[in-house]
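Reader: I would like a close look at a single part of this model. Please take one place where two helices meet and follow the charged side chains from there.

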Amino acid sequence: MTKRALKRQLREGAFDAGQFEGDDKIRRLPVERAWSPLNHHNDDREQGYLKTIKAKSVGQQALIDAVDAKNLVLALGPAGTGKTYLAIAKAVEALEAGKVGRIVLSRPAVEAGESIGFLPGDAEDKLAPYLRPLYDALSDRLSMKRVRALMTEGAIEIAPVGFMRGRTLNNAFVVIDEAQNCTYVQLKMLLTRLGWHSTMVVTGDPDQSDLLPTFSGLGPVADKLESVSNIAVVRLKDRDIVRHPLVAEMLGVL
């Protein structure tokens, strides 16, 4: 990034001076179709950006249909099944269609098995590494300039789980990501934030929790809510994985 472009980014209110450096260029790099070392045929796995998202598996279609039909959806499944991406894509779609007034994205600030110590900066700077996956998904559906503008207007809000208590989220599309790192009490608090004219999607993989064993509340909460007719619990499987084919093979033996 040139000095002129960097100054312009700072003037427009970027999240961090170098945090998103080169993101726009990276996202627009052409994808080599025959990249797979396993010589898999990827003709049905189009990697290009699509304005209208399309399901790549039966499970993904079930998730999309559930979001369209229910106000509360729990999407459980292994890594690479598109849970977070589909949820944020549907949130952006609802916002741009005028169905909701804002998007609220939240995830727990839990370290993945190692302590990274004290981070410099204010609260936003300290939380940025934990919330970066949400920024990545947003920037894939919207330009970074558009994301910054919407965040400035308050139409997009990204917050850790700890900041959600006591709130009522009306006229919003709420995405709770990495919910396997929430305790039962935290999930109960988050689910009861749902307000009028709002949709909430909770995503997570119960088999990849960074909490101590039995501390994750996602599995028990999903089991209890599955019997509620107005709530959809979508369980994605290994066959719904749309990342590198090795991901599904690894998860089958790990």
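**Two helices and their salt bridges**

Author: Helix α3 crosses α4 in a right-handed sense. The model is a predicted one. The angle between α3, which covers residues 58-69, and α4 is about 35°, and their axes lie 11 Å apart. On the α3 side, the contact is made by Gln60, Leu63, Ile64, Val67 and Asp68. On the α4 side, Lys83, Leu86 and Lys90 take part. Sorted by type, the residues of this contact are four nonpolar, one polar and three charged.

Two of the contact residues, Asp68 of α3 and Lys90 of α4, also belong to a network of salt bridges, in which they are linked with Glu93. Within this network, the side chains of Lys90 and Glu93 meet at 3.1 Å, taken from N to O. Both residues sit in helix α4, which spans residues 83-96. They are three residues apart there, about one turn of the helix.

The two partners differ in how much of them is accessible. Lys90 has a relative accessible area of 7%. The cut-off for buried is under 20%, so Lys90 counts as buried. Glu93 has a relative accessible area of 33% and is partly exposed, because that class lies between the 20% and 50% cut-offs.

The model has eight salt bridges by the rule used here. Two others can be set beside the pair in α4. One joins the side chains of Glu178 and Arg107, at 3.4 Å from N to O. Glu178 lies in the loop between β4 (172-176) and α7 (184-191), while Arg107 is in strand β2 (residues 102-107), so this pair ties together parts that are 71 residues apart in sequence. Glu178 is partly exposed, at 26% relative accessible area. Arg107 counts as buried, at 10% relative accessibility.

The other joins Asp223 and Arg235, whose side chains meet at 3.0 Å from N to O. Asp223 belongs to helix α8 (residues 218-225) and Arg235 to strand β6 (residues 231-235), so the bridge ties together parts that are twelve residues apart in sequence. Arg235 is partly exposed, with a relative accessible area of 32%.

To return to the starting point: Lys90 is part of the contact between α3 and α4, and Lys90 is also linked with Asp68 and Glu93 in the salt-bridge network.

Key
Residues are numbered from 1 along each chain as its sequence is written. This is a predicted model: local features need pLDDT of at least 70, side-chain atom pairs count only at pLDDT 80 or more; totals for chains, interfaces and linings use all residues. Side-chain values use heavy atoms; hydrogens and water are left out. A salt bridge is a side-chain nitrogen of Lys or Arg within 4 Å of a carboxyl oxygen of Asp or Glu. Helices (H or I, at least four residues) and strands (E, at least two) are DSSP runs, numbered from the N terminus. Buried means under 20% relative accessible area, exposed over 50%, partly exposed in between (1.4 Å probe, protein chains only). Axes are lines fitted to C-alpha atoms, for helices over the stretch in contact, and angles run from 0 to 180 degrees between N-to-C directions. A crossing is left-handed if the near helix is turned anticlockwise from the far one by less than a right angle, and right-handed if clockwise. Contact means heavy atoms within 4.5 Å. Ala, Val, Leu, Ile, Met, Phe, Trp, Tyr, Cys and Pro count as nonpolar, Asp, Glu, Lys and Arg as charged, and the others, Gly among them, as polar.
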